[in-house]
Amino acid sequence: MPPLAARLRAPAPVLPVPAARPAARLRASSVPHGVGGGGVRRGALASEKPPAVAIAEKAGEEEAGGGGAGDDGRYDAIVIGSGIGGLVAATQLAAKGARVLVLEKYLIPGGSSGYYRRDGFTFDVGSSVMFGFSDKGNLNLITQALEAVGRKMEVLPDPSTVHFHLPGDLSVLVHRKYEDFINGLISKFPHEKEGILKFYGICWQIFNSLNSLELKSLEEPLYLFGQFFQKPLECLTLAYYLPQNAGDIARKFIKDQELLSFIDAECFIVSTVNALQTPMINASMVLCDRHFGGINYPVGGVGGIATSLADGLVDKGSEIRYKANVTNVILENGKAVGVRLSNGKEFFAKTVISNATRWDTFGKLLKDKELPEEEKNFQNNYVKAPSFLSIHMGVKASVLPPGTDCHHFVLEDNWNNLEKPYGSIFLSIPTVLDPSLAPDGHHILHIFTTAGIEDWEGLSRKEYEEKKEAVANEIIRRLEKKLFPGLQDSIVLKEVSSCPPCCDSIDILKFNGIVLTATTSNFSNAKHVSFHQVGSPKTHRRFLARNDGTYGPMPRGKPKGLLAMPFNTTSIDGLYCVGDSCFPGQGVIAVAFSGIMCAHRVAADIGLEQKSPVLDAGLLGLLRWLRTLA
Ligand SMILES: NC(=O)c1ccc[n+]([C@@H]2O[C@H](COP(=O)([O-])OP(=O)(O)OC[C@H]3O[C@@H](n4cnc5c(N)ncnc54)[C@H](O)[C@@H]3O)[C@@H](O)[C@H]2O)c1
Ligand SMILES: CC(C)=CCC/C(C)=C/C=C/C(C)=C/C=C/C(C)=C/C=C/C=C(C)/C=C/C=C(C)/C=C/C=C(\C)CCC=C(C)C
């Protein structure tokens, strides 16, 4: 491995703008001064710190950073994809002494937790609501993952998690302090005081049980039995609630339909389904961690988490390569032994970990192999959740009233629209917490709403562009009506341009004083870059390499809690999955847990952790059987 100092750093991913579009840049003269900005020191991203990218082997080939394979030319593990799930698995393994190679299709790490910058704005690609990022307890998995590779990020405590704006003018602010939240909720539903306390009380019971455990692989019997021995009550509590859903438990104590709908909305924002379909353990995790550790935003933006993990991985002697599009998992006598890239290059390892979704892993990377029974079972139980339509904007700070909260969830008139495409609106304004993400006098608005890919297929370029524009305008209009009068008026100029011939979906929307998101338009060779103000499900499919742009798996019907959710091992020897199509599902902290579990199981299998083959066979068989009951 070359000495650290000698490694080249990739350019910071401020994506270049094609020369033909200078007008789209935000001109300094159009930026008012004096509002926002300046108060917080710039964090990992804003300080121009690039991700751990090094040596570009040859122009047009993947870029690499970090160490190398063992003497036999093999790595201990190859990780396909550098989403938070993949990076946590990789860094945990590297911290245990494994030689890991991460192969990422895109230019920077992070997947849906990535970022991009444009003219002084730093945009989070996905959610800005960060669980698991506190300095206490056992569930601060993001903090722990960074610590494992010697990284720590400065965070800004969010005084609230989300402000709900719901039908019937029901407005609920989820304060950081539990008492403030619960008293506020009780004041809206005084007749349900007892039920509210009981439901959220059970959430705490589950959360406290989770928080008392050392979290490692539930597929590793020595650890699991050890935890049962040390914390029998807590483990039994978790085992009891594992097959249950939040909506059923809420209904035991609560009768008020509007309150039950509120609990649906509480679950929907983290699971994209209602409470009856949301596993109780997952609901408890998020409904309590937001008060226990609180929601904390990393200074400089969410993208700093992935870049810090990638840097830490390289420091531990492992390697990450970008623009490395894995097209096949190589099998030898039924065992996964390596991967092949789109450029034909092959890499070999003792184990292969896929951070692509299970649909992509088994449908694309192993396309010649018949779908294993276990995966059929998964696909019978889970479908792809819809994708998102997302809008990133920079706005004049004066558009927001003073004291505006950071995160909002808007469902205007009708509870029945909760789960419908475009029915509800998610809004994050991370500059409320970290003004360094935007030029002085500006805020970032990241708006998103659920949208299915089917709605966006089969359109001509013109129809597609018009549809994106129309849908975005309508969402902005709804937000203007509900929250921010004048939002639409601040958009004084809008232009839509067509894209270079190599791109299939490129719009430039130019707003005067507002603005702009940028995305590479051809990320496999990164030749062209353009503005994308609106990301459709097709955009997410393309740039996040997620089947149909899905947000993650969601239960086909009413699940038995988490019982059917597969862990990390697969029916293919040597192949593991990590990320949101593994236990416990969607969410940055959830995929971080999946990464921790995966690394533990892989470490045991390659001899870096204790293992018992006899107990392994028993437990893995039992878990497989349990999944078939779901
Ligand atoms: N939309 C949001 O609001 C948002 C934002 C941030 C995070 N999240 C959460 O993050 C979760 C996803 O995290 P994750 O870790 O499972 O995955 P991810 O989708 O974030 O990352 C997967 C990574 O794998 C790469 N990849 C996929 N196929 C590849 C291939 N064949 N070759 C090389 N690279 C490949 C992708 O480019 C991507 O970087 C979601 O469930 C979601 O809850 C959501
Ligand atoms: C083995 C067996 C079978 C049994 C035994 C028993 C036991 C011991 C058990 C145990 C268990 C455990 C440990 C578990 C764990 C779990 C966990 C950790 C979980 C977690 C979860 C999490 C989650 C789900 C999360 C999620 C989140 C999310 C999704 C978020 C999102 C966000 C967003 C979207 C934002 C919103 C925004 C606005 C509103 C603006």
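**Note on the predicted model: strand β16, Q586 and the two ligand shells**

1. In this model, which is predicted, strand β16 and strand β17 (residues 425–428) pair in the antiparallel sense, with 4 bridges between them. Within that pairing, H408 stands opposite L427 of β17. Strand β7 (residues 160–166) also pairs with β16, here in the parallel sense and over 3 bridges, and H408 is the bridge partner of H163. H408 thus appears in both pairings, facing L427 in β17 and H163 in β7.

2. Is β16 covered on its faces, and which residues lie on each side? The strand spans residues 407–410, and both of its faces are covered, with H407 and F409 buried on one side and H408 and V410 buried on the other.

3. The pair β16 and β17 leads on to ligand 2, since L427 is among the closest of the 33 residues that surround this ligand, together with I269, V270, Q586 and F593. On its own ligand 2 would expose 1,000 Å², and the protein buries 96% of that area. The elements that give two or more residues to this shell are the helices α5 (221–230), α6 (232–241), α8 (257–271), α9 (280–294) and α15 (588–605), along with the strands β16 and β17.

4. Which element gives the most to the shell around ligand 2? It is α9, with 4 residues. As to the character of the shell, its residues divide into 26 nonpolar and 7 polar, with no charged residue.

5. Q586, one of the residues closest to ligand 2, sits in the loop between β25 (575–577) and α15. Its relative accessible area is 11%, which falls under the 20% cut-off, and Q586 therefore counts as buried. Leaving aside residues up to four places away in sequence, Q586 touches V270, S271, T272, A385, Y551, G552, P553 and D580. One of these, G552, is 34 residues away along the chain, yet the C-alpha atoms of Q586 and G552 are separated by 5.8 Å.

6. Two polar contacts of the Q586 side chain deserve a look in the viewer. One is with the side chain of T272, at 3.4 Å, and in the other a polar atom of the Q586 side chain lies 3.0 Å from the backbone oxygen of P553.

7. Ligand 1 is surrounded by 31 residues, of which E104, S127, R546, D580 and G587 are the closest. D580, which is also touched by Q586, places a polar side-chain atom 2.5 Å from an oxygen atom of ligand 1, while a polar side-chain atom of N355 lies 3.2 Å from an oxygen atom of the ligand. From the backbone, a polar atom of G587 is 2.6 Å from an oxygen atom of ligand 1. Of the 870 Å² of accessible area that ligand 1 has on its own, the protein covers 95%.

8. The shell around ligand 1 comprises 12 nonpolar, 15 polar and 4 charged residues. Helices α1 (84–95) and α15 each supply at least two residues to this shell, and α15 is also among the elements giving two or more residues to the shell around ligand 2.

9. For the protein as a whole, the secondary structure comes to 16 helices and 25 strands, and 62% of the 630 residues are buried. Among contacts between residues at least 6 apart in sequence, 73% join residues at least 24 apart. The accessible surface comes to about 23,100 Å², with 54% of it belonging to carbon and sulfur atoms.

Technical notes:
Residues numbered from 1 in each chain as written. Chains lettered and ligands numbered in written order. Predicted model: local features only at pLDDT ≥ 70, side-chain atom pairs only at ≥ 80, totals over all residues. Heavy atoms only, no water. Buried < 20%, exposed > 50% of the residue type's maximum accessible area, 1.4 Å probe, protein only. Pairing = 2+ DSSP bridges. Near = heavy atom within 4 Å. Areas by Shrake-Rupley, 256 points an atom, 1.4 Å probe, with all protein chains shown as cover. Nonpolar A, V, L, I, M, F, W, Y, C, P; charged D, E, K, R; others polar. Contact = heavy atoms within 4.5 Å. Polar contact = N/O pair within 3.5 Å; in protein donor to acceptor, adjacent residues only side chain to side chain.
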